[in-house]
Amino acid sequence: VKIVTASGIRLSCSTTAPILTKNKGYVEAPKLFGEQIAVMRNDIAFYDEVVGIEDIGYKHVRVIDTGDNSFWAGDIQNAYVLHHNARINDALDYDKK
């Protein structure tokens, strides 16, 4: 899916991608519409509302192993979404992080 925020930050990711929200912790990408998510533009982090979620079909997804950590990713240089390394249905307790 492609996530689009009110300020135009975009991220193409898998449907199981855990994205940090302001009020619900980590939420799978397709369930983010209307949520405030953690983003960064030009090295300034803030929360931004998800205004669009687009089905981009089946694509190869590169697995990035950062251990049990989050990382910044996005479709535009200097405009990123905070993305977690694991799937939500994995045996991780996100509330303890």
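Select Asn 78. At 34% relative accessibility, Asn 78 counts as partly exposed, because the partly exposed class lies between under 20% for buried and over 50% for exposed. Keep in mind that this is a predicted model. Asn 78 is found in the loop between E7 and E8.

Now show what surrounds Asn 78. Beyond its neighbours within four places in sequence, Asn 78 is in contact with Met 40, Arg 41 and Asn 42. Add Asp 43 to the selection. Its C-alpha is 7.2 Å from that of Asn 78, though the two are 35 residues apart in sequence.

**The hairpin**

Stay with Asn 42. This residue sits in the turn of a hairpin formed by E5 and E6, and it has a positive phi of about 50°. The turn leaves 2 residues between the two strands. Colour E5, residues 36–41, and E6, residues 44–54. They pair in the antiparallel sense over 6 bridges. Which residue of E6 stands opposite Ala 38? Pick Tyr 47 to see it.

Next, colour E8, residues 79–84. E5 pairs with E8 as well, in the antiparallel sense, over 3 bridges. Here Arg 41 stands opposite Ala 79.

**The core**

Hide the strand colours and go inside. The largest nonpolar core has 17 residues. Select Ile 3, Ile 19, Leu 32 and Ile 37, which have the most contacts inside it. E5, E7 (70–76) and E8 each supply at least two residues of this core. In soluble globular proteins, nonpolar side chains tend to be buried together.

Centre on Ile 3. Leaving out neighbours within four places in sequence, Ile 3 is in contact with ten residues to click through: Ile 9, Arg 10, Leu 11, Cys 13, Ile 19, Ala 29, Leu 32, Ile 37, Val 50 and Gly 52.

**Thr 21 and its surroundings**

Move to Thr 21, in strand E3. Is Thr 21 buried or exposed? At 3% relative accessibility, Thr 21 counts as buried. Its side chain reaches the backbone nitrogen of Lys 24 at 2.9 Å. Set aside neighbours within four places in sequence, and Thr 21 is in contact with Val 27, Leu 32, Glu 35, Gln 36, Ile 37 and Tyr 47. Leu 32 and Ile 37 were picked in the core, and Tyr 47 in the hairpin.

**The salt bridges**

Show the side chains of Lys 24 and Glu 35. They meet in a salt bridge, 2.8 Å from N to O. This pair links distant parts of the chain, 11 residues apart. Lys 24 is in the loop between E3 (18–21) and E4 (25–28), and Glu 35 is in the loop between E4 and E5. Lys 24 is exposed, with a relative accessible area of 56%. Glu 35 counts as buried, at 12% relative accessibility.

How many salt bridges does the count come to? The count is 2. For the other, select Glu 28 and Lys 31, whose side chains meet at 3.4 Å, N to O. Lys 31 counts as exposed, at 58% relative accessibility. Side chains of opposite charge can pair when their charged atoms come close.

**The whole view**

Zoom out to the full protein. There are 0 helices and 8 strands. Of its 97 residues, 34% count as buried. Among contacts with a separation of 6 or more, 50% join residues 24 or more positions apart. Finally, switch on the surface. The accessible area comes to about 6000 Å², and 48% of it belongs to carbon and sulfur atoms.

Terms used: Residues are numbered from 1 along each chain as its sequence is written. This is a predicted model: local features need pLDDT of at least 70, side-chain atom pairs count only at pLDDT 80 or more; totals for chains, interfaces and linings use all residues. Side-chain values use heavy atoms; hydrogens and water are left out. Two strands pair if DSSP finds at least two bridges between them. Helices (H or I, at least four residues) and strands (E, at least two) are DSSP runs, numbered from the N terminus. A nonpolar core is a set of buried Ala, Val, Leu, Ile, Met, Phe, Trp, Tyr and Cys residues joined through side-chain atoms within 4.5 Å. Buried means under 20% relative accessible area, exposed over 50%, partly exposed in between (1.4 Å probe, protein chains only). Contact means heavy atoms within 4.5 Å. A salt bridge is a side-chain nitrogen of Lys or Arg within 4 Å of a carboxyl oxygen of Asp or Glu. A polar contact is a pair of N or O atoms within 3.5 Å; within protein, one must be able to donate a hydrogen and the other to accept it, and residues adjacent in sequence count only if both atoms are side-chain atoms. Accessible areas come from the Shrake-Rupley method with a 1.4 Å probe; for residues, only the protein chains shown count as cover.
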